[in-house]
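Me: I am new to this structure and would like a close look at one part of it, followed by a connected account of how other parts are arranged. Please explain each term as you use it.

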Amino acid sequence: MDKKVNSYHIAQSQIKTAVEQLGLPMDVYEWLKSPDRVVEAALSIRKDDGSIKTFTGYRSQHNNVLGPYKGGIRFHPDVDADEAKALSIWMTFKCAVVRVPYGGGKGAVDCNPRELSQGELERISRQYINSMALILGPERDIPAPDVNTNAQTMAWMADEYCKIQQHNEFGVITGKPIDVGGCVGRETATSRGVFHAIKESARAIDLPLEGAKVAIQGYGNVGYYAARFLTDLGCRVIGVTDSSGGAYDEKGLEPDELAQHKKETGSVKGYANSSPIDTVKELYSLDCDILVPAALENQVDAEVARGVKAKIMVEGANGPTTPDGDDVLKEKNVLVVPDILANSGGVIVSYFEWVQNNYSYYWKEEEIESCLEDKVCDAFHAVYNYCQHHKQNVSMREAAFMYALERLASVMKIRGWWG
Ligand code: NAD
């Protein structure tokens, strides 16, 4: 990730632009420009060798006018408070775009999971909850998985919270394993949402998906399942990268075999009969129809964007495109489905999980998948129509921010926060 680009400043300027484009007073920007609360905690744990090591944990709670704060927890050595703040802002807008009754939050811990044992990861997860328990809760703030965290991490965290409360409150965290109140379809939810956004985008520009060529950056939860769903639909995934390298095959990479290769070797690079992809620029300039960023922030800057040949880019990752990258893609008429819409599948199914936890009544997978599809497609068309019919030449990202802000500002006004 390019640390020179500050994601928090980008998120703030996106809000400001939307406020100006909608002709709202700056009072609305004043409310939304900074998180309501940011907690930083020293997480000291005993390592397997007996020594004590301290990590820094963050929780940013941006805005809760629409409902409890909601957002994942990321484990990554490069995270800082500004990254958590930016991601929490995007969660507020994401929940508003897809009409789920949540605000925005985000958590992070500055650790490198590759250098930690399962036991050490469990102790960090539990310590995070111990430090944050006072500000979390099913009606206050509901974490979920993000980069380098998964259902097991959520199980440890939910268990720690329930122990502190002295009773089970599984609705405090989503993305849990099925046996502890998880929701069928949560693991694949973000990619399923990405897949629906790709289907609707392709329909909008008359791009046939059968045989369409796809390139994906990142091969974790979001990247892998996106590759799986798109291949099942008849697309050809020709290029994939992860943090250690990449693989290219014009004939198409087989998603499960590629995942197995990554599991065995630690990376997608070196996959059977593939050629290497060494740089971000190389991946994004592949001769393909669809791009799926599914790694981290600030990958597509102006230079990378200039090489893009694809007609559609659907942002599985949060914040993958810088503002100057956005400008270039807009000039090139690439249909960019922004993160706050494209990767909303995760928070939508998290919402279904929370509702089920609160009622202790569980739905079938078909119901979850069909409700998810409805929500993503409804939001896509609302934003696409907004973009098509707006008097200014607005991008899908600007349209998504404006559409979300209309709702946020309206509820804030009714509640007496401004006006
Ligand atoms: P993950 O940890 O499962 O996978 C991340 C992948 O990105 C890994 O394959 C890693 O090797 C790769 N990566 C990291 N740095 C890279 C780089 N510089 N170049 C290429 N690849 C790189 O994480 P995930 O859950 O798949 O999340 C990916 C993105 O999607 C993040 O931006 C996350 O915030 C976003 N997201 C995830 C969810 C979810 O439900 N998991 C929901 C919404 C958004």
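Reply: Val240 stands opposite Ala247 in β8, and this is a good place to begin, where strand β8 (residues 245-248) is paired with β7 in the antiparallel sense over 4 bridges. Two strands are said to pair if DSSP finds at least two bridges between them, while the strands themselves (E, at least two residues) and the helices (H or I, at least four residues) are DSSP runs, numbered from the N terminus. Before going further, please note that this is a predicted model, in which local features need pLDDT of at least 70 and side-chain atom pairs count only at pLDDT 80 or more, whereas totals for chains, interfaces and linings use all residues. Residues are numbered from 1 along each chain as its sequence is written, and side-chain values use heavy atoms, with hydrogens and water left out.

Thr241 also lies in strand β7, which covers residues 236-242. Because its relative accessibility is 8%, Thr241 counts as buried; that word stands for under 20% relative accessible area, with exposed meaning over 50% and partly exposed the range in between (1.4 Å probe, protein chains only). If neighbours within four places in sequence are left aside, Thr241 is in contact (heavy atoms within 4.5 Å) with Ile216, Gln217, Gly218, Tyr219, Gly246, Val268, Ile277 and Leu283.

The two paired strands belong to a wider arrangement, an open sheet of 7 strands with mixed pairing and the order β9-β8-β7-β6-β10-β11-β12. Its edges are formed by β9 (275-276) and β12 (335-337), each of which pairs on one side only.

Turning to the nonpolar interior, the largest nonpolar core has 90 residues, and those with the most contacts inside it are Phe93, Val97 and Ile290. Helix α15 (residues 396-414) gives this core its largest share, 12 residues. Such a core is a set of buried Ala, Val, Leu, Ile, Met, Phe, Trp, Tyr and Cys residues joined through side-chain atoms within 4.5 Å. Not counting residues up to four places away in sequence, Val97 touches Ile340, Leu341, Ala379, Val383, Ala400, Tyr403 and Ala404. There is also a second, separate core of 24 residues, which includes Leu43, Met154, Tyr161 and Val172.

Helix α15 itself has 19 residues, which at 1.5 Å a residue should span 27 Å, and its end C-alpha atoms are indeed 27 Å apart; the expected span is 1.5 Å times one less than the number of residues. Just after α15, Gly416 takes a positive phi of about 85 degrees.

Helix α3 (residues 81-97) packs against α15 at an angle of about 80 degrees, with the axes 8 Å apart, and that makes α3 roughly perpendicular to α15. On the α3 side this contact is made by Trp90, Thr92, Phe93, Ala96 and Val97, and on the α15 side by Ala400, Phe401, Tyr403, Ala404, Leu405, Arg407 and Leu408. Axes here are lines fitted to C-alpha atoms, for helices over the stretch in contact, and angles run from 0 to 180 degrees between N-to-C directions; under 35 degrees counts as roughly parallel, over 145 as roughly antiparallel, 65 to 115 as roughly perpendicular, and the rest as oblique.

Helix α1 (residues 7-21) also meets α15, their axes coming within 9 Å and crossing at roughly 70 degrees, and these two helices are therefore roughly perpendicular to each other as well. Among the residues of α1 that take part are Gln14, Ile15 and Thr17, while those of α15 include Arg397, Glu398 and Phe401.

A further open sheet has 5 strands in the order β1-β2-β4-β3-β5, again with mixed pairing. Its edge strands, β1 (37-46) and β5 (141-145), each pair on one side only, and neighbouring strands are turned by 20 degrees against each other on average, direction ignored. Strands β1 and β2 run antiparallel and are joined by 10 bridges, and Leu43, named above in the second core, has Phe55 in β2 as its bridge partner. Their hairpin has 5 residues between the strands, and in it Gly50 takes a positive phi near 95 degrees. Strand β2 (residues 52-63) pairs in the antiparallel sense with β4 (residues 104-109) as well, over 6 bridges, with Gly105 of β4 as the bridge partner of Gln61. Finally, helix α4 (residues 118-132) lies across β1, β2, β3 (69-75) and β4, and runs at about 140 degrees to β1.
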